[in-house]
Amino acid sequence: MVKAMLRDSCAAPIGIYDSGVGGLSILQTLARRLPAEKFVYVADSGNAPYGDKSAAFIEHRALNIATFMRAQHIKALVLACNTVSAVAAASLRRAFQFPIVAMEPAIKPAVAHSQSGVVLVMGTTATIASRAVLDLCERFGKGSRILLQGCPGLVDLVEQGLIDAEVTCHLLEGYLRPPLLEGADTIVIGCTHFTFLVDAIKRIAGPGVSIVEPSEAIAMQLSRTLVQGPGFATAEWPATPVYFTYGPRSNLESFLANTVGSRCDVRALPASSAPLLEVNL
Ligand code: DGL
């Protein structure tokens with residue numbers, strides 16, 4: 001009986017949640033590293049970008065979507081969104097019993113890696129202004145210069161699939177040139193949407209600049225979490241992730257077709273399972 005329950009909890013899916021398509025960059029790595037696991041992905045694209053919304057709005061959305069995830073019987077939840085992690089991870093951990101893996105900009109490894117001592121952190125306005133990022137700078141930034149760059153507009157462009165578009169490269173140039181002129185030699189990707197812009201960032205920054213991207217670290221953190229709690233799935237062949245979106249299904253389908261390269265199971269996030277709470281912005 002206990003054995004059967006344990007087997008059931010191991011086989012349960014892992015929830016992955018982002019404001020939109022950015023967390024797919026994390027899902028790609030998780031699915032590669034943990035091929036036996038089932039994943040349920042939720043994109044709150046109808047409400048993206050989160051980065052310029054109030055903390056109260058982000059927290060309410062996060063609570064609603066975590067409630068939906070609980071109804072999917074997930075064994076763990078990955079917040080594949082720096083903004084949700086910075087703003088709402090603590091309340092989610094208080095409200096739910098399943099383990100929650102949250103993200104934070106990789107300032108510590110970036111500082112250790114930088115030769116010039118100047119590190120650029122790219123994130124959404126909400127992440128860059130968060131207490132969580134300030135704490136990271138205070139803990140790990142001593143003796144270095146940490147340049148914090150909010151990048152409004154980029155999440156919208158990635159949501160629209162405009163990854164290599166001129167407008168995106170132009171906006172990126174504007175965000176990257178000043179810190180590069182200040183001597184930044186290491187760039188922290190502090191927003192999962194920006195992982196899809198890494199090639200464009202590399203082109204602008206040039207070969208002498210390193211880019212620190214979080215998905216491998218999250219895969220390791222998720223593995224540690226599974227070891228400590230719900231355990232690993234043992235399926236013989238990989239399960240296909242199920243995707244839910246709060247927004248037009250066709251947007252997520254075409255983004256997936258361009259990135260994953262195959263047809264995917266995309267469903268509408270049922271409004272009844274994730275009721276929108278009234279929030280005054
Ligand atoms: N992918 C989210 C993050 O990592 C983007 C948040 C937004 O929608 O602005 O912060």
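# Helix crossings, an aromatic pair and local backbone features

Student: In this predicted model, helices α3 and α4 are oblique to each other. At roughly what angle do their axes cross?

Tutor: Two packed helices are described by the angle between their axes and the distance between the axes. Helix α3 spans residues 55–71 and helix α4 residues 82–95, and their axes come within 9 Å. An angle between 35 and 65 degrees counts as oblique, and the axes of α3 and α4 cross at roughly 50 degrees.

Student: How many nonpolar residues does the contact of α3 with α4 have?

Tutor: The crossing of these two helices is right-handed. On the α3 side the contact consists of A55, I58, E59, A62, L63 and A66, which meet T83, V84, V87, A88, S91, L92 and A95 in α4. By class, one residue is charged, two are polar, and the number of nonpolar residues is 10.

Student: Is the crossing of α2 and α11 left-handed or right-handed?

Tutor: The axes of α2 (residues 24–33) and α11 (residues 215–228) come within 9 Å and cross at roughly 50 degrees. The two helices are therefore oblique to each other. As α2 passes α11, the crossing is right-handed.

Student: How many charged residues does the contact of α2 with α11 have?

Tutor: From α2, the residues S25, I26, T29, L30, R32 and R33 take part, and they meet S215, E216, I218, A219 and L222 in α11. Of these, five are nonpolar and three are polar, and the number of charged residues is three.

Student: Within what distance do the axes of α9 and α10 come?

Tutor: Helix α9 covers residues 166–181 and helix α10 residues 198–205, with a crossing angle of roughly 50 degrees. The pair is therefore oblique, and the crossing is right-handed. The axes come within 10 Å.

Student: How many polar residues are there in the contact of α9 with α10?

Tutor: C169, L172, E173, L176, R177 and L180 in α9 meet A200, I201, R203, I204 and A205 in α10. The residues divide into eight nonpolar and three charged, and the count of polar residues is none.

Student: How many residues apart in sequence are the parts tied together by the aromatic pair of Y41 and Y243?

Tutor: A search of the whole structure finds six aromatic pairs. One of them, formed by Y41 and Y243, is tilted, with 6.1 Å centre to centre and 55 degrees between the planes. Y41 lies in strand β2 (residues 39–43) and Y243 in strand β9 (residues 242–245), so the pair ties together parts whose separation in sequence is 202 residues.

Student: Which residue lies at the end of the cis peptide bond that starts from A48?

Tutor: This peptide bond has omega near 0 degrees. The residue that follows A48 is placed in the loop between β2 and α3, and the residue in question is P49.

Student: In which loop is H73, a residue with positive phi, placed?

Tutor: H73 is not a glycine, yet its phi is positive, at about 60 degrees. Its place is in the loop between α3 and β3.

Student: Over which residues does pLDDT stay under 50?

Tutor: The mean pLDDT of the protein is 92, and 94% of its residues reach 70 or more. Where pLDDT is low, the predicted coordinates should not be read in detail. One stretch, for which the model has 19 contacts beyond four places in sequence, stays under 50: residues 273–281.

How values were computed. Residues are numbered from 1 along each chain as its sequence is written. This is a predicted model: local features need pLDDT of at least 70, side-chain atom pairs count only at pLDDT 80 or more; totals for chains, interfaces and linings use all residues. Side-chain values use heavy atoms; hydrogens and water are left out. Axes are lines fitted to C-alpha atoms, for helices over the stretch in contact, and angles run from 0 to 180 degrees between N-to-C directions. Helices (H or I, at least four residues) and strands (E, at least two) are DSSP runs, numbered from the N terminus. Angles under 35 degrees count as roughly parallel, over 145 as roughly antiparallel, 65 to 115 as roughly perpendicular and the rest as oblique. A crossing is left-handed if the near helix is turned anticlockwise from the far one by less than a right angle, and right-handed if clockwise. Contact means heavy atoms within 4.5 Å. Ala, Val, Leu, Ile, Met, Phe, Trp, Tyr, Cys and Pro count as nonpolar, Asp, Glu, Lys and Arg as charged, and the others, Gly among them, as polar. pLDDT is the predictor's confidence in each residue, from 0 to 100. Rings of Phe, Tyr and Trp (its six-membered ring) pair if their centres lie within 6.5 Å; planes under 30 degrees apart count as stacked, over 60 as edge-to-face and the rest as tilted.
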